[in-house]
Amino acid sequence: QVQLVESGGGLVQAGGSLRLSCAASGRTFSSYVMGWFRQAPGKEREFVASINWSGSTGLYADSVKGRFTISRDNAKNTVYLQMNRLKPEDTAVYYCAGRPITSRGYDWWGQGTQVTVSS
């Protein structure tokens, strides 16, 4: 079983930045695909970004492309989401997720961290 713990959420003004972190348990973290998702009030959870096992490839939702950057440090079992030029519509609970390379769906989820962007 893999446990994921997010941190770094908070309240920020529009145009500001935040960096989310997700610490993972498990000795094979470097073999996981990691992702970030978010869920705003009254909306379904949506994909934000993902990163491959080596950190060489990141994928992004169109709504965050050019503003958010996903990265990982396999030595620290941690994945990050750097969020710049935040907008009020980025307000949501952000979830970290992970899956083995061989899985299609994400098997493990964190508890979520709240990000609130004020206008």
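**Salt bridges, ring pairs and two strand residues**

Arginine 38 and glutamate 46 form a salt bridge, with the closest N and O atoms 2.6 Å apart. Before going on, I should say that this is a predicted model, and that applies to everything that follows.

I'll stay with that bridge for a moment. Which of its two partners is buried? Arginine 38 is, with a relative accessible area of 6%. Glutamate 46, at 36% relative accessibility, counts as partly exposed. The cut-off for buried is under 20%, so arginine 38 at 6% falls below it.

Arginine 38 also has another acidic partner. Its side chain meets that of aspartate 90 in a salt bridge, 2.9 Å from N to O. This pair links distant parts of the chain: arginine 38 is in strand 4, residues 32–39, while aspartate 90 is in the loop between strand 8 (78–83) and strand 9 (92–100), and the two are 52 residues apart. Aspartate 90 is buried, with a relative accessible area of 1%.

Aspartate 90 in turn meets arginine 67, side chain to side chain, in a salt bridge of 2.8 Å, N to O. Here too the pair links distant parts of the chain. Arginine 67 sits in the loop between strand 6 (58–60) and strand 7 (68–73), 23 residues from aspartate 90. Both arginine 67 and aspartate 90 are buried.

Put together, Arg38, Glu46, Arg67 and Asp90 are linked in a network of salt bridges. How many salt bridges does the structure hold? The count is 4.

Now the aromatic residues. A search of the whole structure finds 6 aromatic pairs. One of them is tyrosine 32 with tryptophan 108, a tilted pair with 4.8 Å from centre to centre and 55° between the planes. Because tyrosine 32 lies in strand 4 and tryptophan 108 in strand 10 (residues 108–109), the pair ties together parts that are 76 residues apart in sequence. Both partners have computed accessibilities in the buried range: tyrosine 32 is buried at 6% relative accessible area, and tryptophan 108 is buried at 15%.

Next, phenylalanine 37 and phenylalanine 47. What kind of pair do their rings make? The ring centres are 5.7 Å apart and the planes stand at 75°, so the pair is edge-to-face. Phenylalanine 37 is in strand 4 and phenylalanine 47 in strand 5 (residues 46–51), 10 residues apart, and the pair is another that links distant parts of the chain. Phenylalanine 37 is buried, with a relative accessible area of 12%, whereas phenylalanine 47 is partly exposed at 31%.

These two phenylalanines belong to a cluster: ring pairs link Phe37, Phe47, Tyr106 and Trp109. Tyrosine 106 also has a charge over its ring, since the charged end of arginine 99 sits there, 5.5 Å from the ring centre. There is a similar arrangement elsewhere, with the charged end of arginine 72 over the ring of phenylalanine 29, 4.6 Å from its centre.

Last, two residues in strands, starting with threonine 116. Where does threonine 116 lie? It is in strand 11, residues 113–118. Threonine 116 is partly exposed, with a relative accessible area of 28%. Its side chain is joined to that of glutamine 114 by a polar contact of 3.3 Å. Leaving aside neighbours within four places in sequence, threonine 116 is in contact with Gly10, Leu11, Val12 and Thr91. Threonine 116 and proline 88 are 28 residues apart in sequence, and their C-alpha atoms are 7.3 Å apart in space.

The other is serine 21, which is found in strand 3, residues 18–24. Serine 21 is buried, with a relative accessible area of 17%. What does serine 21 touch, leaving aside its neighbours within four places in sequence? The contacts are Val5, Glu6, Ser7, Trp36, Thr78, Val79 and Tyr80.

To recap, the salt-bridge network is made up of Arg38, Glu46, Arg67 and Asp90, and the ring cluster is Phe37, Phe47, Tyr106 and Trp109. Strand 4 appears in both parts of the talk, through arginine 38 and phenylalanine 37. That's where I'll stop.

Conventions
Residues are numbered from 1 along each chain as its sequence is written. This is a predicted model: local features need pLDDT of at least 70, side-chain atom pairs count only at pLDDT 80 or more; totals for chains, interfaces and linings use all residues. Side-chain values use heavy atoms; hydrogens and water are left out. Helices (H or I, at least four residues) and strands (E, at least two) are DSSP runs, numbered from the N terminus. Buried means under 20% relative accessible area, exposed over 50%, partly exposed in between (1.4 Å probe, protein chains only). Contact means heavy atoms within 4.5 Å. A polar contact is a pair of N or O atoms within 3.5 Å; within protein, one must be able to donate a hydrogen and the other to accept it, and residues adjacent in sequence count only if both atoms are side-chain atoms. Rings of Phe, Tyr and Trp (its six-membered ring) pair if their centres lie within 6.5 Å; planes under 30 degrees apart count as stacked, over 60 as edge-to-face and the rest as tilted. A charge sits over a ring if NZ of Lys or CZ of Arg is within 6 Å of the ring centre and within 35 degrees of the ring normal.
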